[in-house]
Amino acid sequence: MRAAVAQGALVVFGLVAVLVGTLLAFGLPVGPSLELIGQGAFGDKFGIARTAVKATPLLLTGLGIVVAWRARMYNIGGEGQFLAGALTGATIAKFALGVAPAALANVAILAGSVVGGALWATLAGWLSVRRGVDVVISTILLNFIAIEGLSWAVSGPLQEKKRQLPLTEALPDAAMLQRFDPQTDLHSGVFIAVVLAIAVYVFLFRTRVGFRLRVVGENERVARVNGMDADRIRLGAMALSGALCGLAGGVEYVGIAGQLSAKFSQNWGFLAIPVALLGALHPLAVIGSAAYFGALFAGSENLARFTPAGSTLVYVIQAVAVLAYVALRSWKARPPAGESE
Amino acid sequence: MSKRYGSVQALDRVSLSFAPGEVHAVLGENGAGKSTLVSVMAGFVVPDTGSVEVDGVPIPLGRPFDCKRLGIEMIHQHFTLVPTFSVRENLALAAMKPPVLRYDEGQLAAPALERARQLGWDVSPEARVEDMPVGAQQRVEILKALAADAPILLFDEPTAVLSPAEIEDLVRVIRALRDEGRIVILIAHKLSEVFKAADRISVLRRGKLVATAALAETNPTQVAEWMVGDLPIPAARVEESARGEGLSVQDLRVEGDRGEEAVRGVDLEVGRGEIVGIGGVDGNGQVELAEALAQVRHSLAGTLEWQGAPLGDLRIGYIPQDRQADGLALEMSVEENMLIAGQRKAELLTGPFLRKAAIRSWAEALIARFAIKVDRASDPVRGLSGGNQQKVVVSRTLEALPDLLIAVNPTRGLDLKAASFVHDQIRSAREGGAAVALFSTDLDELAELADRTLFMSRGELAEGGDAVAVVGGAA
């Protein structure tokens, strides 16, 4: 326990160090900048809500990456699955609203986003398992299709009724996720994400199917030799991964945006990868890494009001943090000098 | 010298001297400290205390490149070749000296190739290393060391991957190198090979030097005693239990990894309560056959039956040849690796959920029963020694009480105690009524365990008669 606390403290120290180092490299005054970032991320209820709201899509997509990567399916397609989920949700919204009660429509949109994301990822999974297509390649390409698909949809079949702007019809408030405070954007999707993080943890580490998934990821041949259907497990991992990323899209849609545009995603599905990596592919640790990046987003928005570097800073910090983490891991994993036997 | 790794005293005040014109074998079980000893001499490891001197001059410890320049060459157990390079490129790479601005591949590789000719080795300089069989790769590894004309040669477990014929040839080469007046140091744990090649024997046990003797002054029994402290008592062959009809294989054909027909029409009967040994030189289709029997590899043609019916949900236990590639998830814990086979056991599950406490105590019971050396069941399996890793695979396989057990070289790389333990476990599986197919390239192992032995050659099985005849046939 004590060791875990010490390690946690070390991680926090490392993340702050990365932040400070980046500020220095940008030539920004460290003290005032940190104050601005802290203010923006945690300073008041607005800051905390911003942090939580930014962390939510990162957490959900991050969990999706964790599930796939644990099965050694290197899903780079979080973005595509995020958009596929949102698009499916918007399609359901177009037909369900006005027909079904708004609360039901809300649930249907979220369920649709889960299915949409899952199908988008399963396509890549199927190509990999049955046709031997590298998941990295196929998911990247499916990202492009989803991104262009979104552009087409918002100025085509899903465009708002007046057909003036490339946007979908805005959802009525009743079809949105519950908000807790009229002044902030904090919505119930935040709690959905945290509950799912715990659920993914239980799934991976406390169930037999999750155990098999990890065995397949650690050593596929061992899994096969012991009678596990590695192909099915991988396909399932991709489906679950896509479901989580798709749900992230759905939650962002019915939690924040209320309508889709071509710029609907702020690269959430791509940022999921560093989030998952920094969380060491552990669902509970990903809560922390999503919160860290969420706070950075919220804080650097505040910083951006005072320096032009602010808005890009968060991406730089994210990259530096992940590089530092990867370097640390490979340094730890180096073979000890003079291995015996 | 002394060297400590964590809680393990790898070397404990060991002093040894080696004479030119002599093959000096250093023997010991796994973890006895042999590899650490040579690694220090080759400059890869810095000892905690002690020194290494060549002709009275201390060598720079922990500086392998300088040791190489002083004429100390190590032939590594795990080859240090670039797989995608040709033989010539590998040899040139090894011969490169600073400054490396001038690079004449042909010139650099010439001395090594010349040595190959002298040794009567047919080495094709253009062949890519990864396409070559393992025995030929080892020749390249040795040539790298010989090119520099080093007076001191360290061989680390050179025979581990070789066939009997290749071992004979290696012994010839080692003798030739000795006759040129070099110091040849041979690390080994198989007695039979040491007695063929060595002039002098030193034995390490748990990091301590137990004895040094000229070969003529000792005998295998005594050396074995030095190695293990006490001789393992060979388990008496138990009364043959009621044998019964078991596995029946007809005209089995199996494809290898490169699309070749690796198993060409094999007929095989393995009865319950019987150990059928399958011997032969590595790479004659044994692994493919074993994988087909274990239902891991698809077979092209033929029938597999158990007591006249399809295999169905027969409990099959498979101990693969390569424990790291096919047996273990190295980053996972010991208990999780055991769970790989135990995950179907009802008492370890509540619905879809794993029962953590039950799994822990189940794994700890296995660890105790199989005497696996590990602090906690939650420790990663990567940290275990090779022998203990193998025990993890064997324990979880046998604990499941398989009807059909397929084991491929189950004791490769194990020390005597661990090997005889695994042998006992395989025997007790037989006593329990399992049908056992034992694939092994170790003829001693087949002679000791198998009720009858077949011989595999180019994808076909032949009756081997009794084991002694097989030994005679291979020699």
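In this predicted model, the loop between helix H11 (268-278) and helix H12 (283-304) of chain A is home to Leu281(A). This leucine has a positive phi of about 55 degrees, although it is not a glycine. That is worth a second look, because most residues other than glycine have a negative phi. How buried or exposed is Leu281(A)? With 19 other C-beta atoms within 10 Å, Leu281(A) counts as partly exposed, since being buried would take 20 or more.

Chain B has a residue with a similar story to tell. Gln295(B) sits in the loop between H9 and S14 of chain B. Gln295(B) is not a glycine either, yet its phi is positive, at about 65 degrees. Here 18 other C-beta atoms lie within 10 Å, so Gln295(B) is partly exposed.

Back in chain A, helix H5 (residues 102-131) is made up of 30 residues. From its first C-alpha to its last, H5(A) reaches 42 Å, close to the 44 Å expected at 1.5 Å a residue. What follows H5(A)? The next residue is Gly132(A), and its phi is positive, near 70 degrees.

Now for chain B as a whole. Its secondary structure comes to 16 helices and 22 strands. The radius of gyration of chain B is 24 Å, which agrees with the value near 23 Å that a compact globule of 475 residues would have. Laid along the principal axes, the C-alpha atoms of chain B fill a box of roughly 70 × 45 × 45 Å. Of the 475 residues of chain B, 45% count as buried. Taking contacts in chain B between residues at least 6 apart in sequence, 69% join residues at least 24 apart.

One sheet of chain B has 4 strands and is open, with the order S12-S11-S14-S15 and antiparallel pairing. At the edges are strand S12 (261-272) and strand S15 (309-310) of chain B, each pairing on one side only. Strand S11 (residues 244-255) and strand S14 (residues 299-306) of chain B run antiparallel and are joined by 6 bridges. In one of these pairings, Leu247(B) has Trp306(B) in S14(B) as its bridge partner. Helix H9 (residues 286-293) of chain B lies across S11, S12 and S14 of chain B, at about 55 degrees to S12(B).

Strand S13 (residues 274-279) of chain B is a good place to see what being enclosed looks like. For S13(B), 6 of the 6 residues are buried, so this strand is largely enclosed by the rest of the structure. Both faces are covered: one side carries Glu274(B), Val276(B) and Ile278(B), the other Ile275(B), Gly277(B) and Gly279(B), and all are buried. S13(B) pairs in the parallel sense with strand S20 (residues 435-439) of chain B over 5 bridges, and with strand S21 (residues 452-457) of chain B, again in the parallel sense, over 4 bridges. Gly277(B) takes part in both pairings: it stands opposite Leu438(B) in S20(B), and its bridge partner in S21(B) is Thr453(B).

Finally, there is the meeting of the two chains. Here 17 residues of chain A are in contact with 30 residues of chain B. On the side of chain A that touches chain B, the elements giving two or more residues are helix H8 (208-218) and helix H9 (220-225) of chain A. H8(A) gives the most, with 5 residues. By type, the residues of this side of chain A divide into 6 nonpolar, 5 polar and 6 charged.

Methods: Residues are numbered from 1 along each chain as its sequence is written. Chains are lettered from A and ligands numbered from 1 in the order in which they are written. This is a predicted model: local features need pLDDT of at least 70, side-chain atom pairs count only at pLDDT 80 or more; totals for chains, interfaces and linings use all residues. Two residues are in contact if their C-beta atoms, placed from the backbone, lie within 7 Å. Ala, Val, Leu, Ile, Met, Phe, Trp, Tyr, Cys and Pro count as nonpolar, Asp, Glu, Lys and Arg as charged, and the others, Gly among them, as polar. The radius of gyration is taken over C-alpha atoms; the globule rule is 2.2 Å times the number of residues to the power 0.38. A residue is buried if 20 or more other C-beta atoms lie within 10 Å of its own, exposed if 12 or fewer, and partly exposed in between; C-beta atoms are placed from the backbone. The expected span of a helix is 1.5 Å times one less than its number of residues. Two strands pair if DSSP finds at least two bridges between them. Axes are lines fitted to C-alpha atoms, for helices over the stretch in contact, and angles run from 0 to 180 degrees between N-to-C directions.
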